[in-house]
Amino acid sequence: MSKNSKKTIKKLAVGSMKTGRGKYSVMTFSIILTTVLFSSLFTVVGSVLSELRQSSMGQCSYLDPVAMLVCAAATVLFMLSGYLIIYNIFDLNLISDMKEYGLLKTVGTSGKQIRQMVKLRTRRLCLIAIPIGLMIGCGIGGWLLPMIGKFINTVGAGKGHVHMSIWIILFTSVFAYLTVAISSRKPCRKAAKISPVEAAHFTGGLKKNGKPKKRTFVVVLSLTLSLVMLNSAYTLIDSFSMDNYAENFIVSDFCIQDEFLDNAGANEKNVNAVDSSLLAEIGRQDGVEGIGNLYLTTGAHKFSTEVWSEIEKYFYSDEIVKMQIESFYTDEDYSLNDYLNEIHNKRTIDGNTYGMGELAAAKLEDVQTMDGDTSIDWAKFNSGSYVLAERWQYASDGFLNIVSPGDKVEIEGREYTVYALVDIPMIIEYPVYNPIECNFILPEDEYLSIYGEMSPMRTLVDVEDSKEAAFEEWIKSYTQNTSLSYTSKQSVIEDNKSFGQLFAIAGILVAVILGIIGVMNFGNTIIASIISRSHELAMLEAVGMTEKQQKRILLKEGFSYFAYTSVLTVIISSILNITAVKMFVNNLPMFSWHFRLTSLALCLPVILVVILIIPVAAYKRLSRRNLIERLKID
């Protein structure tokens with residue numbers, strides 16, 4: 001292609017963009033919206049990955065598979081949304097541009113040159129839109145990060161902050177541009193292949209009367225999808241109930257521990273964080289009803305020949321246990337039999353030894369004592385002759401136990417009888433787990449007599465109801481400048497409130513974006529329909545149809561979109577509400593499901609107004625040209 005040809009194409013592209021500013025403003029906005037989707041997602045993901053690299057783990061080895069799956073799904077959803085936005089708008093704009101391409105074909109412009117012209121327009125739009133979208137999207141990502149950061153298992157100082165790099169900007173820009181390029185390929189090919197005769201009668205997939213063939217379904221589906229998403233998000237917000245969740249989440253009024261103890265991203269966990277000075281201060285606080293300490297020592301437990309024989313016979317012979325061993329302990333050079341032979345000779349199982357005070361022991365669950373009771377007799381347990389054993393957690397039907405009540409076990413050379421099998425509530429146990437581990441619990445005094453004086457891993461505190469607020473204010477102030485943290489009903493509510501907000505914001509943002517897509521698709525479909533029917537509308541006006549009557553026809557068409565959307569939205573929202581949303585909500589302890597269609601009652605009237613305004617506004621703009629000019633259009 002000669003330099004003169006390139007200059008001519010450039011002038012034609014720039015000139016048509018100047019004369020069609022309104023049309024190209026919509027296209028620019030669609031690219032901005034797409035870039036906002038991508039940049040907000042990649043800002044969040046990039047910042048999270050950067051924080052994981054900079055955390056105390058020193059490497060990105062802890063990545064939640066569910067979080068990665070959500071990010072991948074969000075990327076695909078956002079790219080699909082961006083594609084739909086841009087493709088629909090580029091494709092619909094062909095209706096108004098096609099006569100221009102036909103005229104260019106008539107004067108000898110080749111299909112390749114028209115493709116170059118369309119590509120040049122696309123690049124110029126991207127040059128304007130992508131930087132704007134980047135700024136807006138990065139701002140949204142930065143706004144969301146503090147909430148998302150609370151649910152990321154990292155310990156870096158920059159947790160919840162934006163870690164922006166040139167690579168995030170470049171990746172987002174390239175990703176957005178490729179989405180635009182892919183979305184505009186099919187409309188571009190149509191423009192290049194069309195003949196001058198076809199261009200003169202091009203309707204872009206509309207019927208002879210200007211009404212869309214397949215686009216009605218697409219537009220209605222876009223609007224329906226946005227409203228269904230909004231109603232689902234509203235149901236989640238309305239179902240959020242932290243009081244019940246907090247009651248189930250805590251085992252005592254207050255639980256005090258190291259701030260990184262329950263952070264899965266922390267490499268080192270302080271299991272002796274609650275010092276004696278704090279314990280003394282707690283005891284002096286008004287309204288304290290009880291204090292219970294939990295101590296921890298990690299290490300392997302060795303069993304006698306007799307007990308080990310029973311463990312091998314009933315525990316290591318179970319298929320579930322063998323599957324766990326094969327999954328976590330074996331490789332090509334180390335088989336299941338190798339593992340079983342090795343532990344047979346050692347007679348040891350890795351695990352933890354807990355020390356618990358009376359208040360802490362009272363919080364143990366699913367108690368099964370050697371006497372057949374379902375509660376622990378503290379006086380008997382505290383006699384110094386007994387130990388509790390935690391149930392093994394991996395059985396498919398009930399619990400498969402390593403030892404049984406009445407068995408004799410050794411801890412640091414001392415022999416104890418297993419008094420009961422118990423479950424330690426997940427929120428107070430040591431949050432590091434092995435696929436196969438054996439955990440024992442000793443009474444506090446016996447534990448300290450074996451391991452010596454040490455500080456607790458956790459301290460549980462029960463306080464009079466009327467004094468809880470005062471105690472919380474005191475413990476919050478006490479731990480503020482220390483490495484300690486605490487949980488209480490109020491702190492659980494505060495910490496998890498943002499979880500509900502995150503669901504709400506994410507749901508509403510997706511609903512709003514899909515709503516914009518739906519309205520844009522509707523607007524462009526109606527505008528394309530009116531443009532293709534401009535000659536027909538002019539003819540009707542010439543034979544006596546008033547402007548009011550023509551607007552009424554267009555309003556009737558718009559109302560049909562609203563009617564289809566309303567019916568579909570109510571049906572799909574109701575079905576989704578009582579199935580998927582209910583199932584999802586019932587699996588989250590902080591939610592309590594309620595059937596709701598309130599958001600539809602509020603939003604459908606707004607959609608109706610928008611749907612009725614767009615045809616009238618489009619017709620008004622078209623009717624600015626006088627009747628004779630419109631009659632000349634073929």
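Contact here means heavy atoms within 4.5 Å. With that in hand, the predicted model can be read from Phe303 outwards. Leaving aside neighbours within four places in sequence, Phe303 is in contact with Trp308, Ile311, Arg347, Ile349, Val403, Val409, Cys438 and Phe440.

Phe303 also belongs to the largest nonpolar core, which holds 32 residues. Together with Ile311, Phe315, Tyr316, Ile349, Val403 and Phe440, Phe303 touches the most other members of this core. Two or more core residues come from each of helix 10 (305-314), helix 11 (319-328), helix 12 (336-346) and helix 15 (444-451). On the strand side, strand 5 (386-390), strand 6 (408-411), strand 7 (414-423) and strand 8 (440-443) likewise give two or more residues each. Helix 12 supplies the largest share, with 4 residues. Another core, of 26 residues, lies apart from this one, and Cys255, Ala361, Tyr386 and Met457 are among its members.

Attention now turns to strand 9. This strand spans residues 458-463, and 6 of its 6 residues are buried. Both faces are covered: Arg458, Leu460 and Asp462 are buried on one side, while Thr459, Val461 and Val463 are buried on the other.

Strand 9 also has pairing partners to follow in the structure. Strand 1 (residues 254-258) runs antiparallel to strand 9 and is joined to it by 4 bridges; within this pairing, Phe254 stands opposite Val461. Strand 2 (residues 288-302) is antiparallel to strand 9 as well, with 6 bridges between them, and Gly290 of chain position 290 stands opposite Asp462.

Definitions and conventions: Residues numbered from 1 in each chain as written. Predicted model: local features only at pLDDT ≥ 70, side-chain atom pairs only at ≥ 80, totals over all residues. Heavy atoms only, no water. Core = buried A, V, L, I, M, F, W, Y, C linked by side-chain atoms within 4.5 Å. Buried < 20%, exposed > 50% of the residue type's maximum accessible area, 1.4 Å probe, protein only. Pairing = 2+ DSSP bridges.
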